[in-house]
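Ready to explore a new structure step by step? Take a look at the picture, then try the exercises.

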Amino acid sequence: MSVSDRSGDGSHPRHRLDPVIHSPVRLSIIACLAAAEKAEFGFVRDTVEVSDSVLSKQVSTLEAAGYVKVKKGYVGKFPRTWLSLTAAGRRAFDVHLHALAAIASAPSSTDARIEPVSGASPVKRR
Amino acid sequence: MPEPDAIHDGLDAIEPAAAAVALVYAENAQAIAGKAVRAESRWTGRFLAAFGIASIVFLALASVGGVVAYVASWLAYGVISQWFARRERVSWRGFDRLCGRSFAAWFVLQGVGCGVGFNFFAGEAAYWVPMAVVVSAPLFAGAWRTARR
């Protein structure tokens, strides 16, 4: 089931959260690429502090979602892989952060009201 | 690493406290990335400044060397600068646009300056040196903006 199928069209900000971006490593990769025009694979690996294989796997997921563009080339004899955020990736990142901010600022569902004992106004338990 | 569906199941029930933690994590990730990108993007200012200096030198020499020497100088410098730029690991977001604007302005000024110079002021340093400084100004302005980031 795709993300769009599951997210529905509800108004609650949780519907705008993106499971592809919410993973900590992928979020770090997107945050890194959001600050750059383009970045070399090794730079992203060093900044996010992950191994080559982990970065490669997560970049494949982001590329499949259309959030990251991968370009391979050579500098002299040495192969280089360049990563950049697509417009869709940049938009998805912004929407995800706004949704997180909206949820974080909402009152918690676990907040419970304590019934007043003797005519006092209700108070929220924190 | 949880699969996206499992994460999404968790996201459906995400609490404000968990969202706040995720938000702080994202802000930290952005701050770390921004600092790293700024640190490794310093070459962009040097790149534009070097192009500006080359522009002044080549235009000043063009007054005596002529069109062929001028074009040959730029071809050689273009190859070297592209090789240098491709070696770098990252460029900051917005650099391509700044670079495009700087080089577009430089290209137009250079076309006008050289057109007038080669036709009317060949060999006259009093024209070519000030013109070279004016033509290179957009590149130095770009370098200055990069350094101020």
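Two exercises with worked solutions follow.

This is a predicted model, in which local features need pLDDT of at least 70 and side-chain atom pairs count only at pLDDT 80 or more, while totals for chains, interfaces and linings use all residues. Residues are numbered from 1 along each chain as its sequence is written, chains are lettered from A and ligands numbered from 1 in the order in which they are written, and side-chain values use heavy atoms, with hydrogens and water left out.

**Exercise 1.** Work out how the axes of α3(B) and α4(B) are arranged.

*Solution.* Step 1: the two axes come within 12 Å and cross at roughly 20°. (Axes are lines fitted to C-alpha atoms, for helices over the stretch in contact, and angles run from 0 to 180 degrees between N-to-C directions; helices are DSSP runs of H or I with at least four residues, numbered from the N terminus.)

Step 2: angles under 35 degrees count as roughly parallel, and 65 to 115 as roughly perpendicular. α3(B) and α4(B) are therefore roughly parallel to each other.

Step 3: among the residues that meet are B:Trp43 and B:Phe47 of α3(B) and B:Phe95 and B:Leu98 of α4(B), where contact means heavy atoms within 4.5 Å.

**Exercise 2.** Do the same for helix α3 (residues 24–34) and helix α5 (residues 52–64) of chain A.

*Solution.* Step 1: this pair packs at an angle of about 80°, with axes 10 Å apart.

Step 2: α3(A) and α5(A) are therefore roughly perpendicular to each other.

Step 3: α3(A) brings A:Val25, A:Arg26, A:Ile29 and A:Ile30 to the contact, and α5(A) brings A:Val54, A:Leu55, A:Gln58, A:Thr61 and A:Leu62.

Step 4: sorted by class, this contact of α3(A) with α5(A) has 6 nonpolar, 2 polar and 1 charged residues. (Ala, Val, Leu, Ile, Met, Phe, Trp, Tyr, Cys and Pro count as nonpolar, Asp, Glu, Lys and Arg as charged, and the others, Gly among them, as polar.)

Conventions: Helix = DSSP H or I, 4+ residues; strand = E, 2+ residues; numbered from the N terminus. Parallel < 35°, antiparallel > 145°, perpendicular 65-115°, else oblique.
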